[in-house]
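User: I should like to examine how the descriptive terms applied to this protein follow from their criteria. Please begin with the terms for solvent exposure.

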Amino acid sequence: MPQHTVFRFPTRTSFEDLTSYQEDIPRPTSHEVLIKVRAISLNSRDCQIATSNYPSAIKDRLIPGSDAAGDIVDVGDAVHDFAKGDRVVTCFDVNRLYGPAKHEVCGQAGGGVDGVMAQYIVRPASAVVKVPVDSPQAYSELASLVCTGVTVWNAFYGNKQLLPGQTVLVQGTGGTSMTALVLAKAAGATTIITSSSDEKLRTVKEKYNADHCINYIKTPDWASEAVKLTEGKGVDHIIEIGGFGTIQQSLSAVARGGIITIIGYLAKHDPAQPAPDILLLALKKEAILRGIQVGPRCMLEDLVTFVSRRKLRFQIDREFGFSREDVVAAYNALASGKHVGKICILVD
C-alpha cells in the first residue's frame with residue numbers, strides 16, 4: 001500500500017507534542033472522495049486543542065486541523081458530483097449540512113473527528129464543496145474559507161442579514177477579522193477595525209481599505225469612538241472576538257436592534273472592574289447576541305460561490321511547509337499574535 005505523511009497529537013500538552021507518522025493512504029468507500037491536500041489554514045482553536053485548552057472533549061490521538069483545500073484524486077462508485085481533478089474545500093463539520101449543529105464537537109474536523117493535517121484525506125462527498133474552475137483564489141485562500149469564512153458568512157447572513165450601507169465593527173486583525181473585513185466591504189458596508197497596533201492598522205487600511213481604524217490601547221473607550229463614527233447611531237453588526245473582556249464595550253457600541261455575533265473568548269475581564277450586567281445592557285439596546293460555531297455545508301457552498309463570482313482575495317500573512325518543524329513553527333506563529341490575516345501550511 002502506498003503511504004503518506006500524517007501528523008497526530010498522541011498527547012496534547014504543547015505544540016511540540018505533534019508527531020509525524022507514515023500511514024497507508026486511505027481509500028474512499030462508495031460515497032466518499034479522496035483528496036490530495038494542498039493547503040491547510042490554522043485557527044486559534046487549533047492552538048487551544050493542541051494545549052488541552054479547548055472547552056470541549058477532543059478525540060484521542062487526534063489528526064489536527066479543520067480547514068483544507070485540495071484536489072480530488074479518487075471518488076467512490078456512488079459519487080456523481082465530483083470527478084478527479086476537481087478543486088475542493090472541506091467542511092468544518094462533516095455531519096452538518098444545514099442549520100445549527102446537533103452536537104457540540106461530534107463531527108468537527110480536528111476535534112470530534114480526525115482533521116486534515118495529512119497529505120491525503122477521505123471525506124464524505126456530502127462534506128466537500130467544489131470550487132469553480134475560474135476562481136482566482138490560491139489554495140491557502142480557499143482553505144481559509146472553511147472556518148473563518150463560514151463563521152463570518154453565518155454572522156452576516158445566518159440571522160439578521162447585513163445590508164449595503166450598514167456598519168460593521170471587527171475586533172483585531174486575525175483571520176476571522178480580516179475575512180470579515182473583506183466580506184463586509186464586498187457587501188457595501190462601512191467597516192471599523194480595532195487593534196492594539198498602529199502598524200497593523202496601517203496595513204489593514206492600505207491593503208484592504210478599512211474605512212475607520214481604532215487603536216484600543218490609545219482609545220480604551222473604543223465604543224464611544226465607534227458611536228461617533230456612526231454619527232450617534234451605533235454599529236449595526238459587531239464581530240465579537242474578545243468575549244467577556246470586550247462584551248461591555250460591544251454593547252455600548254452596538255446600534256439599537258443591532259447584532260453582536262459572539263465568535264471568540266480571547267480577552268479576559270479585569271477582576272478589578274465590576275462584571276458587566278450583560279442581560280440588562282442587551283435589553284436596553286434591544287440587541288441580538290448570537291453565539292455561533294462556524295456553520296453548515298450550505299453556507300460554505302454559498303460563500304464559495306460568492307467569493308468566486310466577486311473574485312475576492314484574502315489576506316494570508318505567512319505560509320509554512322509540511323515538515324514537522326514547519327508545522328510547529330506555524331502553530332507558534334499563530335500563537336504569537338503578530339499576524340495580520342491567516343497562517344497557512346502548504347502541503348507537499
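Analyst: Buried means under 20% relative accessible area, exposed means over 50%, and partly exposed covers what lies in between. The model to which these terms are applied here is predicted.

User: Why is Lys 311 called partly exposed?

Analyst: The relative accessibility of Lys 311 is 39%. Partly exposed is the class between under 20% and over 50%, so Lys 311 counts as partly exposed at its 39%. Lys 311 belongs to the loop between helix 9 (297-310) and strand 14 (316-320).

User: Which residues are in contact with Lys 311, leaving aside its neighbours within four places in sequence?

Analyst: They are Asp 134, Pro 136 and Gln 137. A contact requires heavy atoms within 4.5 Å. For Lys 311 and Asp 134, the C-alpha atoms are 9.1 Å apart, and 177 residues separate the two in sequence.

User: What makes Ala 187 buried?

Analyst: Its relative accessibility is 13%. The class of buried residues is set at under 20%, and therefore Ala 187 counts as buried. Ala 187 sits in the loop that runs between helix 4 (175-186) and strand 9 (190-195). Apart from neighbours within four places in sequence, Ala 187 has contacts with Tyr 157, Leu 162, Leu 163 and Pro 164. The C-alpha atom of Gly 165, 22 residues away along the chain, is 8.6 Å from that of Ala 187.

User: How are Asn 209 and Glu 231 to be classified, as buried, partly exposed or exposed?

Analyst: Asn 209 has 47% relative accessibility and counts as partly exposed, whereas Glu 231, at 78%, counts as exposed. The deciding cut-off is 50%, since exposed means over that value. Asn 209 is placed in the loop between helix 5 (198-208) and strand 10 (212-215); Glu 231 is in the loop between helix 6 (222-229) and strand 11 (235-240).

User: What is the sign of phi at Asn 209 and at Glu 231?

Analyst: Phi is positive at Asn 209, about 55°, although this residue is not a glycine. Glu 231, not a glycine either, has a positive phi of about 60°.

User: What makes helix 3 mostly covered?

Analyst: Of the 13 residues in helix 3, 12 are buried. Among them are Val 146, Cys 147, Trp 153 and Phe 156.

User: How does the span of helix 3 compare with that of a straight helix?

Analyst: The expected span is 1.5 Å times one less than the number of residues. For 13 residues a straight helix would span 18 Å, but helix 3 (residues 145-157) spans only 15 Å between its end C-alpha atoms.

User: How many helices and strands does the protein have, and why is it called as compact as a globular protein of its length?

Analyst: The secondary structure comprises 10 helices and 15 strands. The radius of gyration is 20 Å, close to the 20 Å given by the globule rule for 348 residues, so the protein is as compact as a globular protein of that length. The C-alpha trace spans about 65 × 40 × 40 Å along the principal axes.

User: What share of the residues is buried, and what share of the contacts is between residues 24 or more positions apart?

Analyst: Buried residues account for 55% of the 348 residues. Among contacts with a separation of 6 or more, 71% join residues 24 or more positions apart. The exposed surface is about 15000 Å², of which carbon and sulfur atoms supply 51%.

Definitions and conventions. Residues numbered from 1 in each chain as written. Predicted model: local features only at pLDDT ≥ 70, side-chain atom pairs only at ≥ 80, totals over all residues. Heavy atoms only, no water. Helix = DSSP H or I, 4+ residues; strand = E, 2+ residues; numbered from the N terminus. Rg over C-alpha atoms; globule rule 2.2 N^0.38 Å. Buried < 20%, exposed > 50% of the residue type's maximum accessible area, 1.4 Å probe, protein only. Areas by Shrake-Rupley, 256 points an atom, 1.4 Å probe, with all protein chains shown as cover.
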